[in-house]
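Hello,

Here is the structure I said I would pass on. My notes on it follow below.

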Amino acid sequence: MAVALLVAAGSGERLGSDRPKAFVVLAGRPMLEWSVAALRAAGIEDIVVALPPGEVAPEGCIGVEGGATRSDSVRCALAVAPADEHVVVHDAARPLVRPHHFADALAALGDADAAIVAARVPDTTKEADADLLVTATLDRSRLWAIQTPQAFRRAVLERALDCDPATLARATDDAWLVEQAGGTVRIVESTPENFKVTTPHDLKVAGLLLGERRV
């Protein structure tokens with residue numbers, strides 16, 4: 001079906017944790033194991049986890065030490081991933097992901113080089129300058145909050161990641177690298193529930209929601 005790259009190399013500093021974020025216990029299990037469970041429920045068994053130094057991947061997964069930046073970690077994980085035409089990349093900091101998110105993203109590769117799960121932006125969004133003076137009000141009907149998983153044709157992702165270190169460091173998601181290389185990226189609609197755990201408040205909300213389900 002696909003190989004999965006699970007990015008779990010973050011420090012957890014903004015979370016206020018004394019251990020890497022992906023290994024903070026959330027609703028009874030380490031955060032990253034919620035994503036592993038969702039991947040397996042989606043039928044994806046080949047999972048490579050980009051890890052902080054000294055950490056061990058969950059049973060049945062391949063572990064590799066992550067890089068200096070997020071996309072560098074993806075590149076490290078892709079280098080050791082089993083052969084498959086399609087790749088899904090997911091942040092372990094999004095433990096509320098559902099199995100269908102992976103399937104939906106992969107299905108959208110039929111006419112695109114990459115497919116990204118995203119939620120519509122519900123709020124009025126304004127652009128401001130360095131002095132915090134508003135310069136524009138953006139059309140929210142065209143705005144999307146980008147999430148993971150993101151699915152890629154493997155050859156496309158490999159080419160996109162084969163860039164200079166400065167460009168790699170600028171990438172906040174791997175789809176941006178595909179865009180820079182001229183590839184086509186399709187959006188797959190999601191919901192705000194699939195949020196990224198960044199703060200202690202996020203952790204508390206995620207724990208409450210995950211306590212209500214098993215995957």
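**Helices on the sheet**

Helix 1 (residues 31-41) lies across strand 1 (3-7), strand 4 (46-51) and strand 6, and its direction is at about 165° to strand 1. Please keep in mind that this is a predicted model. Helix 2 (residues 70-79) lies across strand 1, strand 4, strand 5, strand 6 and strand 10, running at about 145° to strand 1.

**The sheet**

The sheet under these helices is open and has seven strands, in the order 5-4-1-6-10-7-11, with mixed pairing. Strand 5 (62-65) and strand 11 (185-189) are at the edges; each has a single partner strand, so one side of each has no neighbour in the sheet. On average, neighbouring strands of this sheet are turned by 25° against each other, direction ignored.

Both kinds of pairing can be followed from strand 7. Strand 7 (residues 114-120) runs antiparallel to strand 10 (residues 144-153), and six bridges join the two. Ile116 has Gln150 in strand 10 as its bridge partner, and Ala119 stands opposite Ala145 in strand 10. With strand 11, strand 7 pairs in the parallel sense over five bridges; here the bridge partner of Ala114 is Val185 in strand 11. Strand 7 is also mostly covered, with six of its seven residues buried.

**Asp91**

Is Asp91, a charged residue by class, buried or exposed? Asp91 has 10% relative accessibility and therefore counts as buried, the cut-off being under 20%. Asp91 lies in strand 6 (residues 86-91). Leaving aside residues up to four places away in sequence, Asp91 touches Leu6, Val7, Ser35, Arg70 and Thr148.

**The largest pocket**

Two of those contacts come up again here. Val7 and Arg70 are among the residues nearest the centre of the largest pocket, together with Gly10, Arg14 and Lys196. The volume of the largest pocket is about 790 Å³, and 37 residues line it. By class, the lining has 16 nonpolar, twelve polar and nine charged residues.

Which element gives the most to the lining of the largest pocket? Strand 10 does, with four residues. Helix 2, strand 10 and helix 6 (174-180) each supply at least two residues of this lining. Strand 10 thus turns up in both places: in the pairing with strand 7 and in the lining of the largest pocket.

Regards

Note on methods. Residues numbered from 1 in each chain as written. Predicted model: local features only at pLDDT ≥ 70, side-chain atom pairs only at ≥ 80, totals over all residues. Heavy atoms only, no water. Buried < 20%, exposed > 50% of the residue type's maximum accessible area, 1.4 Å probe, protein only. Contact = heavy atoms within 4.5 Å. Pairing = 2+ DSSP bridges. Axes fitted to C-alpha atoms, helices over the stretch in contact; angles between N-to-C directions. 1 Å grid on protein atoms, 1.4 Å probe; cavity = no way out; pocket = protein on both sides within 12 Å on 5 of 7 lines; lining within 4 Å. Points joined across faces, edges and corners; volume = space filled by probe spheres on them. Nonpolar A, V, L, I, M, F, W, Y, C, P; charged D, E, K, R; others polar.
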